[in-house]
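Work through these exercises with the model open. Each one has a task and a stepwise solution.

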Amino acid sequence: MAETNLVIKQGATWNQVLSYTDSSGTPINLTSYTAKLQLKETCKSTFSYLTISTETGEIVIDGPTGTITITVDATVMTRLPSGTYLYDLIIISPASTPVVTRLLEGKITVSPEVTVR
C-alpha cells in the first residue's frame, strides 16, 4: 500500500493510470479483480463525495498487465466541490473468499474550476 496525495481538477476529466507490480517491477496479474475508490471528508463519514468502481466503469483493470485506469468524466468532476478529501483505492480478488487489498490511500485536493463551460 502506498500513501499518495493527489490533486485533481474540478470540471476536467480525471484520468489516472496505475501499474501494480511486485518489488522487482513485474506486473501483478489482476485478471477478474474488481476495484473501488471513494472520496470522503473523514474516514468515518457515511457520505461519499465520489464513489467509482469497476462496476460503474470508471475504473478499468487490465488484468495481465496489472494496469488500473481511472477515468471520471468532466461532467461528474464539475459537481465535485473543491476542497481536500480522504480517499482510498481497494482491489478485490475473485477468490471464493475474496481478499481486499488497499493499494492507495491519502488526500485528494480538488482544485476549483475558474472557467465554467
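**Exercise 1. Classify Tyr49 by its accessibility, then find its place in the chain.**

Step 1. The model is predicted, so its values are computed from predicted coordinates.
Step 2. The relative accessibility of Tyr49 is 28%. Buried would need under 20%, and exposed over 50%. Tyr49 is therefore partly exposed.
Step 3. Tyr49 sits in the loop between β4 (34-40) and β5 (50-53).

**Exercise 2. Describe the aromatic pairs of the structure.**

Step 1. How are two aromatic rings compared? The distance of the centres and the angle of the planes describe the pair.
Step 2. The structure contains two aromatic pairs.
Step 3. Take Phe47 and Tyr49: the centres are 4.9 Å apart, and the planes make 85 degrees. An angle over 60 degrees counts as edge-to-face, and that is the class of this pair.
Step 4. Take Tyr49 and Tyr85: the centres are 4.8 Å apart, with 50 degrees between the planes. Stacked needs under 30 degrees and edge-to-face over 60, so this pair is tilted.
Step 5. Tyr85 belongs to strand β8 (residues 83-92), so its pair with Tyr49 ties together parts 36 residues apart in sequence.
Step 6. Is Tyr85 buried or exposed? Its relative accessibility is 4%, so Tyr85 counts as buried.
Step 7. Put the rings together: Phe47, Tyr49 and Tyr85 make one aromatic cluster.

**Exercise 3. Place Gln38 and list its contacts.**

Step 1. Gln38 is part of strand β4.
Step 2. Its relative accessible area is 25%, so Gln38 is partly exposed.
Step 3. How far is Gln38 from Tyr49 in space? C-alpha to C-alpha, the two are 7.5 Å apart, with their positions 11 residues apart in sequence numbering.
Step 4. Leave out residues up to four places away in sequence. Gln38 then touches Ser48, Leu50 and Thr51, and also Leu86, Tyr87 and Asp88.

**Exercise 4. Do the same for Ala74.**

Step 1. Ala74 falls in helix α1 (residues 74-78).
Step 2. With 14% relative accessibility, Ala74 counts as buried.
Step 3. Gln10 is 64 residues away from Ala74 in sequence, yet their C-alpha atoms are 7.7 Å apart.
Step 4. Beyond four places in sequence, Ala74 touches Gly11, Ala12, Thr13 and Arg117.

**Exercise 5. State what is notable about the phi angle of Ser32, then locate the residue.**

Step 1. Phi of Ser32 is near 70 degrees, a positive value in a residue that is not glycine.
Step 2. Ser32 lies in the loop between β3 (14-19) and β4.
Step 3. Its relative accessible area is 54%, so Ser32 is exposed.

**Exercise 6. Step back and describe the whole chain.**

Step 1. Count the elements: one helix and nine strands. Their order is β-β-β-β-β-β-β-α-β-β.
Step 2. The radius of gyration is 15 Å, close to the 13 Å that the globule rule gives for 117 residues, so the chain is as compact as a globular protein of that length.
Step 3. Along the principal axes, the C-alpha atoms fill a box of roughly 45 × 30 × 25 Å.
Step 4. Buried residues are 33% of the 117.
Step 5. Among contacts with a separation of 6 or more, 66% join residues 24 or more positions apart.
Step 6. The accessible surface is about 6900 Å², and carbon and sulfur atoms hold 53% of this area.
Step 7. Count the charges: 8 positive and 10 negative side chains, with the centres of the two sets 7 Å apart.

Notes:
Residues numbered from 1 in each chain as written. Predicted model: local features only at pLDDT ≥ 70, side-chain atom pairs only at ≥ 80, totals over all residues. Heavy atoms only, no water. Helix = DSSP H or I, 4+ residues; strand = E, 2+ residues; numbered from the N terminus. Rg over C-alpha atoms; globule rule 2.2 N^0.38 Å. Buried < 20%, exposed > 50% of the residue type's maximum accessible area, 1.4 Å probe, protein only. Contact = heavy atoms within 4.5 Å. Areas by Shrake-Rupley, 256 points an atom, 1.4 Å probe, with all protein chains shown as cover. Lys, Arg positive; Asp, Glu negative; His and termini not counted. Charge placed at Lys NZ, Arg CZ, Asp CG, Glu CD. Phe/Tyr/Trp six-rings, centres within 6.5 Å; stacked < 30°, edge-to-face > 60°.
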